[in-house]
Structures are given as structure tokens and as C-alpha cells.
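Got your viewer open? Let's take a walk through this one together, a selection at a time.

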Amino acid sequence: MGKTDKTNVMRVLDAKKISYESHAYDADPSLSGEQIAELLGEKTEKVFKTLVTRGKSGQYYVFVVPVIAELDLKKAASVSGEKSVAMIKQKELLPLTGYVHGGCSPIGMKKQFKTFIHATAPTFDRVFVSAGKVGHQVELAPADLIEVASCEIAEIV
């Protein structure tokens with residue numbers, strides 16, 4: 001990738017001097033997380049998706065879970081201290097986060113929301129999250145991801 005192809009996520013990581021590797025693949029928004037993991041040649045457990053929710057209070061929360069897992073909304077509500085949380089509508093994603101569906105990353109959102117990452121993340125040496133653009137992923141140490149995205153580790157699937 002050339003200098004001009006840097007995504008906002010990569011600029012944030014560069015600014016914080018965090019080591020990462022970027023991966024690009026055919027930007028097909030219909031690809032499932034499993035298919036993306038396959039394109040990357042990685043285990044689905046190491047590739048994470050970023051989900052944005054709204055709690056009953058109106059607060060937004062971000063959950064980072066393995067692509068093969070489903071966010072457990074009851075557990076998500078519990079860790080965020082809400083009575084309930086629900087996924088936001090796809091059309092709300094871009095104005096809220098600055099990212100499109102399929103390219104949402106926990107790193108570098110327009111506003112920092114309380115972010116939770118699944119408890120398995122720290123068990124890997126490297127994990128993958130969206131680089132903020134469909135067709136792009138960044139691979140980095142889970143500790144760096146947790147630090148840069150201010151994640152709380154939680155059992156959320």
C-alpha cells in the first residue's frame with residue numbers, strides 16, 4: 001500500500017508508534033467474517049468484527065468480537081451497566097463513527113465510545129480488526145489494540 005492508501009486507523013496507529021501489518025483484499029462488502037478470515041489465511045477466532053450498539057440510556061457502546069461469534073446482547077447490557085442494548089441501524093453507522101458497514105474499526109472513530117473486547121483477544125499473539133475501510137484489515141498485538149481503542153476485556157458472546 002502506498003502512503004496515500006493509509007486509512008484513518010493506520011494514521012492513528014502510526015501516530016501512536018504502534019506496530020501493525022496491513023492486509024488488503026477484494027473489497028466486497030457482502031463477504032462474511034469467515035470469508036475474510038479465509039482470504040487472510042487466518043483462524044476465524046483471531047479476526048474480530050466491530051459492532052456498535054445503543055443502550056437503553058441512549059449511550060453508545062462498541063463491542064469487538066470474533067467474526068464467527070454473535071454478540072450476546074444480555075451480556076453486552078450487563079457489562080455496559082445498561083438494562084438493554086441494541087444494534088444501531090446501518091444508516092446510523094457512518095454519521096456516528098465515520099466508518100461504513102463492513103469497514104468499522106474500534107480504532108479512530110469520530111468519537112471514543114466505551115469499548116469492550118471479547119475475552120479471547122488477549123490469548124492470541126496477533127489479532128485482526130478492520131482498518132476502517134472495506135477490504136482492509138490491520139493485524140496487531142491484542143495489548144496494543146486494547147490500549148489504542150481503550151477496550152475493556154469482557155465475556156460478551
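**Stop one: a loop residue with an unusual phi**

This is a predicted model, and we start at Ser 150, which is partly exposed, with a relative accessible area of 47%. To find Ser 150, go to the loop between α5 (142–148) and β8 (151–154). Check its backbone while you're there: phi is positive, about 50 degrees, although Ser 150 is not a glycine.

**Stop two: another positive phi**

Now jump to Lys 17, in the loop between α1 (8–15) and β1. Is Lys 17 buried or exposed? Lys 17 counts as exposed because its relative accessibility is 76%, and the cut-off for exposed is over 50%. Its phi is near 55 degrees, again a positive value in a residue other than glycine.

**Stop three: an open sheet**

Keep going along the chain into β1. Select β1 (20–24) and β6 (127–130), then add strand β7 (residues 136–140). Together these three strands form an open sheet in the order β1-β7-β6, with antiparallel pairing. The edge strands are β1 and β6, each of which pairs on one side only. Turn the sheet around a little: from one strand to the next, the twist averages 30 degrees.

Zoom in on β1 and β7, where five bridges hold the antiparallel pair. Which residue of β7 stands opposite Tyr 20? Pick Leu 140 and you have the partner of Tyr 20.

If you're wondering what joins neighbours like these, strands of a sheet pair through backbone hydrogen bonds, either parallel or antiparallel.

**Stop four: strand β3 and its partners**

Next, select strand β3, residues 60–66. How many of its seven residues are buried? Six are, so β3 is mostly covered, with buried meaning under 20% relative accessible area.

Add strand β2 (residues 48–55), which runs antiparallel to β3 and is joined to it by seven bridges. The two make a hairpin with four residues between the strands. Click on Gly 58 in this hairpin: it takes a positive phi near 100 degrees.

Now bring in strand β5 (residues 114–118), which runs parallel to β3 with four bridges between them.

Finish by selecting Val 64 in β3. Opposite it stands Thr 50, while in β5 the bridge partner of Val 64 is Ile 117. With side chains switched on, keep one rule in mind: in a regular strand the side chains alternate between the two faces of the sheet.

Technical notes. Residues numbered from 1 in each chain as written. Predicted model: local features only at pLDDT ≥ 70, side-chain atom pairs only at ≥ 80, totals over all residues. Heavy atoms only, no water. Buried < 20%, exposed > 50% of the residue type's maximum accessible area, 1.4 Å probe, protein only. Pairing = 2+ DSSP bridges. Axes fitted to C-alpha atoms, helices over the stretch in contact; angles between N-to-C directions.
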